[in-house]
Amino acid sequence: MMAANASSTPRSGSPATNPQGPLPAIIQLSRPYLTPSHIWTLEQKVAHTNGSRDQQLKFQAFSVILVTGSYLRFPIRTMGTAMILFQRFYLFNSMQDFPSTLDTALACLFVASKTEDTLKKLKEILLASYYIKHPSGPDISMDSPIIEDQRRRLISLERHVLETMAFDFRVRHPQPYIIKFAKRLRYPMPLAETAWQIALDSHRTLVPLKSTPHAIALGCLYIAASLLEVNLSDIKPEQFCVRPREFENVVLELLEFYIDWLPQTTLFATYTDPGKFMSMRIELNKRLGKYTEPRAPGARLKLRDYTMGDKGTVRYVLNWERERIEREIDMQ
């Protein structure tokens with residue numbers, strides 16, 4: 001899965017021409033998942049001035065990703081990865097610093113196409129985006145100054161996206177687990193299709209940054225089974241290597257999303273009444289008690305520092321063990 005700026009550990013770097021001596025190496029640890037505390041801390045640091053407006057801008061960006069990705073015939077996994085990258089980007093970067101969310105969305109789609117091995121040239125993505133915005137023309141070519149100007153902006157944004165994800169290209173999605181779990185539970189195809197749509201909607205939330213794909217898949221199947229009034233007694237999280245509390249958190253957060261933003265979702269084409277999701281939420285609350293996520297400060301997480309490259313050599317590591325080794329080297 002994706003990760004982003006987290007801990008920084010200075011260590012000696014190679015000799016440089018700096019008259020004050022070699023610049024240090026700054027270690028950035030990949031974090032595939034973030035806790036609710038981490039996310040709350042980052043959101044406070046980003047300090048969005050208008051949460052509702054920012055959310056609407058995100059929904060517009062998700063629409064750009066889905067429409068452009070469909071136009072280019074990208075698979076769902078590529079568009080899902082792009083949406084995850086976009087969510088992570090604006091956790092570690094402020095919208096005040098990167099106000100063009102549509103450019104960021106296209107940059108995330110470009111990086112996702114590489115991550116998922118469905119590569120398209122950046123100009124192809126930009127040309128597709130142009131024709132979606134201007135279906136009646138005028139026609140332009142890839143050599144157009146309009147495309148070239150946007151390409152330059154997105155090349156710079158691509159670097160910011162890669163640094164935010166700590167160059168960690170490991171991404172897993174819930175859709176394959178939905179198919180396997182539905183077969184295991186002997187659920188009908190319409191239920192699996194509904195769960196598939198819910199999984200796509202989950203990328204519009206921060207759930208993929210908090211929970212594992214198999215936990216999300218089980219949560220999507222639970223909501224789909226509730227909507228279609230199918231027996232839920234067979235869904236036992238422990239049998240699918242999912243912790244019960246993680247499963248419950250996934251279900252509750254997705255229900256909150258549908259209650260607040262149903263018209264912005266894929267599922268709205270079939271289910272237009274938020275009361276269905278509210279009833280599910282009330283029923284779960286009776287069983288679980290009042291649901292609150294912990295909001296203690298997230299340790300060692302900070303917004304991305306754009307000047308890190310000026311302070312030393314930035315190195316990205318993908319696991320805690322490697323970071324520990326680097327620290328031990330630094331202490332020698």
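**Notebook: salt bridges, a helix pair and a patch**

I began with a network of salt bridges that links K123, E148, R151 and R152. I count a salt bridge when a side-chain nitrogen of Lys or Arg is within 4 Å of a carboxyl oxygen of Asp or Glu.

Before going on, I noted that this is a predicted model, where local features need pLDDT of at least 70, side-chain atom pairs count only at pLDDT 80 or more, and totals for chains, interfaces and linings use all residues. Residues are numbered from 1 along each chain as its sequence is written, and side-chain values use heavy atoms, with hydrogens and water left out.

**Entry: the whole protein**

I found 14 helices and 3 strands. These are DSSP runs numbered from the N terminus, helices being H or I with at least four residues and strands E with at least two. The protein has 332 residues, and 52% of them count as buried. My cut-offs are under 20% relative accessible area for buried, over 50% for exposed and partly exposed in between, with a 1.4 Å probe and protein chains only. The accessible surface is about 16,100 Å², and carbon and sulfur atoms hold 55% of that. Accessible areas come from the Shrake-Rupley method with a 1.4 Å probe, and for residues only the protein chains shown count as cover.

I also looked up contacts, meaning heavy atoms within 4.5 Å. Of those with a separation of 6 or more, 77% are between residues 24 or more positions apart.

**Entry: salt bridges**

How many salt bridges does the structure hold? I get 15.

Back in the opening network, R152 pairs with E148, and their closest N and O atoms are 3.8 Å apart. The two are about one helical turn from each other, because they sit 4 residues apart in helix α6. R152 counts as exposed because its relative accessibility is 54%, while E148, at 17%, counts as buried.

Next I checked E158 and K114, whose side chains meet in a salt bridge at 2.6 Å, N to O. This pair links distant parts of the chain, with E158 in helix α6 and K114 in helix α4 (residues 101-115), 44 residues apart. E158 is buried at 10% relative accessibility, whereas K114 is partly exposed at 40%.

My third pair was E253 and K210, with closest N and O atoms 3.0 Å apart. Here too distant parts of the chain are linked: E253 belongs to helix α11 (residues 244-261) and K210 to helix α9 (residues 207-210), 43 residues apart. Are these partners buried or exposed? E253 is buried at 17%, and K210 is buried at 18%.

**Entry: α1 and α3**

The axes of helix α1 (residues 36-46) and helix α3 (residues 76-92) come within 8 Å and cross at roughly 60 degrees. That angle makes α1 oblique to α3. On the α1 side, I39, L42, E43 and V46 make the contact; on the α3 side, Y90, L91 and F92 do.

**Entry: nonpolar residues at the surface**

Which residues make the nonpolar surface patch of about 260 Å²? I noted V67, Y71 and I132. I132 is in helix α5 (residues 122-133) and counts as partly exposed because its relative accessibility is 31%.

Last, I looked at F169, in the loop between α6 (145-164) and α7 (175-185). F169 is partly exposed at 43% relative accessibility. Its C-alpha atom is 9.8 Å from that of L318, though the two are 149 residues apart along the chain.

Definitions and conventions: Patch = residues over 30% accessible without salt bridge, like charges linked within 9 Å, V, L, I, M, F, W, Y side chains within 5 Å. Axes fitted to C-alpha atoms, helices over the stretch in contact; angles between N-to-C directions. Parallel < 35°, antiparallel > 145°, perpendicular 65-115°, else oblique.
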